[in-house]
Structures are given as structure tokens and as C-alpha cells.
Amino acid sequence: MISYSVYEADGRVMRYAEALAQRGDSVDVIALSRGDRTGNEVINGVNVFRVQSRDRREKSKYDYLFRILSFFFRAMWLVTKRHRRQPYDLIHVHSVPDFLVFLAWIPKLKGAKVVLDIHDVMPEFYASKFNTGENSMVFKVLLYLERKSAEFADYVIAANHIWEAKLLSRSAVKGKCTALLNFPDRSMFQRKGRTRADGDGKFVILYPGTLNWHQGLDIAVRSFAQIKDAAPNSEFHIYGQGPTQESLKELAKGLGLNGRVKFQGSCQIKEVAGIMENADLGVVPKRNDPFGDEAFSTKILEFMAMGVPVIVSETKIDRYYFNDSLVKFFKAGDDQSLAAAMLKVIQDAELRKSLVQNSSVFVENYDWQTNKVKYFEIVDQLCFQTASQS
């Protein structure tokens, strides 16, 4: 597996890799390092190779491209070297970016099958990250790369069903593309009981995840400022890092929210479940720009699994999977609508109870243990083709 991400912080990559290792497959992961976690390590039976660090605060598109190209060549050298020693049956490449799939060209020539796993559709992701339009030359180049990357791969996995349909309409081939949601791993996301004192008098609103513009955290901070006096015991806890981190801190300070909005930094994926269970309300305030409108957030399912009601931006993707009995919707991009939703859920204990009961039943069909067999079928089909051709 190859991913331009930190392995321990990427739940999707971890789920695939550990599931394969648990059934007896030999799995290598080539990824990024973070902090003091550098070099190579075996984690739950998975061989993790960290070839490069990453600065999450990158703002220049040239800096972003340089770091990706550096990773591309380092990972290509390592996967080629290891393939020559012991040939891989399958190379599973995680996007973004799509063109990382081409670093597997030598193993593919030697018979290995290649899977391209599109976590985020790159043209729309880039347009959101760097504020460019769909008519820009860069967008068109990325769309061309998406098509060529999908053509190079033996199979394409999309992160949700809307993106599956989009990829089939412009890049992927029917029969060689399917959607696999970023399902919660219930071995991690299972309720163990709150460790926070019930009588502490606080109502904790939580957001855990990357701090990117399309995630809409600035909208949530402004909304919280509007209800802070009506809900004086409430706090807004934000876990994560990203390019908007400093501007969010400045925004919270400017709105007089010192001590009420708490920036807790990043945490390991395996710590998130406990943090969620100790919250009273989750918030997913995504913008409905061309990327955010179709980007599925697994945080919603994770909140559901941990028995926490969640407020969700009314986007195309979230209306596709959820309804008003499962989450509390607010008008995307509207801080007043989000503030009203926050106050409603805080003040209505029966609503919170209803959302938790309904979503707990719903999420049973949306967990990794139920759906990992679909991934195994893709892997085994491709590996059988590799074996029959050798």
C-alpha cells in the first residue's frame, strides 16, 4: 500500500492493511512520518515504511506539488527495490494525488495488479484547496491525470457512491470500479463508557479532523459565538491540524471565545473514539463547494457508533445517506442556521435521545466488519489473475 498520509492517522489505510494482515497476508505500507514516528516499524502485523515527513501548513501550490513529487520518487524507488527482492501480487495506491499510481509501473510490468483508491476526487479537491475554477487549465490537467490514472489501474475504488458515478461518467470503466465508504472500525469505535464526570456541568461540542477551509470550522466558530450566552456551560473542542489552524485561533480570540473554544491539537486515530464518547454533540460543518458537497465524512458514522448526536451540513452527499431522523441538518455555509441547530440540540434532551437511538440502529449496517468482505473480494479476484498469469 502506498499513501501520501501518516499511516497511524489514516483510518482508511489502516483498516485495509490490518484486515489483510489479520487474515495472513503480507502487507507493506509506504507512507509519511510525523513527529518522532520516523523510520520503519511493524504495527499490528503491518510493515510500515516512512519515507518522508509532511508540513500540514503548506499553502503554496508549488510547495504542495514539490512535496508530492518528492514522495513519488522516494516511494517509487522503495517499492521497486522491494518488488525485485520479493514480487508483490498487488499494489494498492491511495489518492490524493491520483498520479501516485504510476510509481507502480515496474511492478505492473512484472505482473503485479494495481488498485487506485480515490479518497478525494483530485480536480475538485484542488479547486477547493487553492480556490481555482473548473475552467482553469490546472483543473483540466488534473482531470486528464485522473482519466489516465484510472486507465493505468486494474481496479478503481471510490470513497462514496456519488463519486463512483462521477468517475464512471468521466474516467473509470464499468465493472472495474466500485464504492467503498470509509466505514468505522468497530474494534476501535465501540462504546466503553464515558470517563468524563457527568456532573462537571459542561456541554461539550466536538469536531475532530483536518482543519481545511472546506471543512467549515470558521462557520462553526462563528455559530458558537452566537449561542455562547444562551448556553453558558457549553464548550467547543477542536481536535486536528491543518492550514486554517492559526486563522481559526485568531477568529476565536477576536470573537471573545478564549477558554470556550479549545484547540486540542492532533491525536492518534485510536484515541478518537474515547474523545468522541466523552462529547455531548458532534458537528460536521462542511461547506457545499463542488468538493465539500460530495465529500463523505466518516466522522458522522463514528459519532453515531459512539452514541453521540451530530449536526451535519446539508450537502448533496449527506442528504444521499442520511435523513432528519438520524442527524440534525443545517443550511450549508450559514452560521445562523448552524447556531440555531446547536441551540436546539443543546436545549432539547429528547431530540438528542431520538437521534442517538435512530442512528445507533442505522450504523450497524455501515461498519467495517460487515463490509470488509467486499474489499477482500476485489483483492482476491485481482491476485487470482496475477497467479494465473505467472
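In the predicted model, strand 10 (residues 234–239) and strand 11 run parallel and are joined by four bridges. One residue pair illustrates the register: Tyr 239 has Gly 265 in strand 11 as its bridge partner.

These two strands belong to an open sheet of six strands, in which the pairing is parallel and the strand order is 11-10-9-12-13-14. The edges of the sheet are formed by strand 11 (261–265) and strand 14 (328–330), each of which pairs on one side only. On average, neighbouring strands of the sheet are turned by 25° against each other, with direction ignored.

Helix 7, which spans residues 217–227, lies across strand 9 (203–208), strand 10 and strand 11. Relative to strand 10, helix 7 runs at about 165°. An angle over 145 degrees counts as roughly antiparallel, so the value of about 165° places helix 7 and strand 10 in that class.

A helix pair was also examined. The axes of helix 12 (residues 335–347) and helix 13 (residues 349–362) come within 5 Å and cross at roughly 95°. Angles of 65 to 115 degrees count as roughly perpendicular, and helix 12 and helix 13 are therefore roughly perpendicular to each other. On the helix 12 side, the contact involves Lys 344, Val 345, Ile 346 and Gln 347; these residues meet Ala 349, Leu 351 and Arg 352 of helix 13. Classified by residue type, the contact between the two helices comprises four nonpolar residues, one polar residue and two charged residues.

Technical notes:
Residues are numbered from 1 along each chain as its sequence is written. This is a predicted model: local features need pLDDT of at least 70, side-chain atom pairs count only at pLDDT 80 or more; totals for chains, interfaces and linings use all residues. Side-chain values use heavy atoms; hydrogens and water are left out. Two strands pair if DSSP finds at least two bridges between them. Axes are lines fitted to C-alpha atoms, for helices over the stretch in contact, and angles run from 0 to 180 degrees between N-to-C directions. Contact means heavy atoms within 4.5 Å. Angles under 35 degrees count as roughly parallel, over 145 as roughly antiparallel, 65 to 115 as roughly perpendicular and the rest as oblique. Ala, Val, Leu, Ile, Met, Phe, Trp, Tyr, Cys and Pro count as nonpolar, Asp, Glu, Lys and Arg as charged, and the others, Gly among them, as polar.
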